[in-house]
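Welcome! Please have a look at the sequence and the 3D structure below, and then work through the exercises at your own pace.

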Amino acid sequence: MNTTVLFSIFLLLGLITAYPITDTSSDTVIDLFINGDCFDGIGPFSGNFPILGAPRSTYSVRSYFAIFLDFAGDCTDDDETGTDDNIPSLEDASVPTIAPYFANWEVQSDITDSSVITHTLQTGASPLDGLVGMVSQEWFRVTYEDTTFEEARRRDDPRVNTVQQITMTDRTKSVTCFIYPDEVESGSKPGGGLSWDTGDDRDGLSGDKFARVGFSDGDGTFFELAESGTDAVRSLDGVQDGAPAATTEGLLEGLYCFDVTNAVVTPLEVFSCGEVCDDNLSCTVDTCVDGECVFTPSNDLCDDGFSCTTNVCNPNDGESDADGCVFTPVDSNCDDTFSC
């Protein structure tokens, strides 16, 4: 299991109440301004990645912080994508879209000196597997850190937002999580991780439009959080700072996860175990079932790299290693092809 042990301890002690963004130190930094407001064609995925009702093969990142799935073409053309900056609802998106915070972000590198925009596509377990109860085969992450809105510099407005999106799959089921860190994880900002929810475009297109949060299959089926398109969207990080309170319940404060396998998106149930389930053994699948932590051994999570051993997850075996794995030599698995 790959959730952070230290975080589990802090949660149990009540020292923090919100979920922080996951580590992005190894992710690729992108400059959407240089890349024409969109980072295109990230992938391909190595296997079946079902999202919003269809197997997806690639994704691209849009400057308004939308993620387009299987997108091909000129992603700077709003008319082609159907997701321009004046969109009244994600229902109008004409391509499959994941929208952690669809708003008027400023991505010019010469303006947003503190802004860092990153992405990564990985195989194997995701950082959130233990929380959502799956063993991921593949996952991707997009993060906007300390990024402001368009025309903020002209208005001398210092507010910045930090938002992270992680989508993961076990090749049968796919889950997307949105993370909105509070003022502790985002650097003790008075307004929290989400400080702005509208922004002035230089052409005045979306200054009065609140950020949208949700999903669209690009064919009229969509899902938006109750706060989407309202001032309450700024409270998704758990910090109101003058905005109406958010009513959507997350798994933890600032952490919202959804089953996005099909076009009909399903929010995951509120985290009910009272702790992050983690037995500190990497060969078990750690889940929260009916309010209790369940740790299920998985032999597939044990591998010593040798073809002549059997690999078994059995933490109760006295010969198991620190991960709960037992590796037993099998002579019959060895053959040098010499009969003598």
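## Exercise 1: Following the sheet

Strands β8 and β9 run antiparallel and are joined by eight bridges. Helices (H or I, at least four residues) and strands (E, at least two) are DSSP runs, numbered from the N terminus. This is a predicted model, in which local features need pLDDT of at least 70 and side-chain atom pairs count only at pLDDT 80 or more, while totals for chains, interfaces and linings use all residues. Residues are numbered from 1 along each chain as its sequence is written, and side-chain values use heavy atoms, leaving out hydrogens and water.

**Task.** Find the order of the strands in the open sheet of seven strands.

**Solution.**
1. Start at the pair β8 and β9, where Thr123 has Glu138 in β9 as its bridge partner. Two strands count as paired if DSSP finds at least two bridges between them.
2. Step on to β10 (residues 161-169), which pairs with β9 over eight bridges in the antiparallel sense. Here Thr143 stands opposite Gln164.
3. Next comes β11 (residues 174-179), joined to β10 by six bridges, again antiparallel. Ile166 stands opposite Cys177 in this pairing.
4. The full order is β1-β8-β9-β10-β11-β14-β15. At the edges are β1 (28-29) and β15 (266-267), each pairing on one side only.

## Exercise 2: A glycine in a loop

**Task.** Work out where Gly124 lies and which residues it touches beyond four places away in sequence.

**Solution.**
1. Look between β8 (116-123) and α3 (129-132): Gly124 is in that loop.
2. Check its accessibility: Gly124 counts as partly exposed because its relative accessibility is 26%. Buried means under 20% relative accessible area, exposed over 50%, and partly exposed in between (1.4 Å probe, protein chains only).
3. List the contacts (heavy atoms within 4.5 Å): Gly124 touches Ser136, Gln137, Glu138 and Trp139.
4. Compare chain and space: Ser136 is twelve residues from Gly124 along the chain, and their C-alpha atoms are 5.8 Å apart.

## Exercise 3: Into the core

**Task.** Which strand gives the most to the largest nonpolar core?

**Solution.**
1. A nonpolar core is a set of buried Ala, Val, Leu, Ile, Met, Phe, Trp, Tyr and Cys residues joined through side-chain atoms within 4.5 Å.
2. The largest one has 35 residues, and Tyr59, Tyr101, Phe140 and Tyr180 touch the most other members.
3. Strands supplying at least two residues each include β5 (59-62), β7 (97-102) and β9 (138-147).
4. The answer is β9, with three residues. Eight of the ten residues in β9 are buried.
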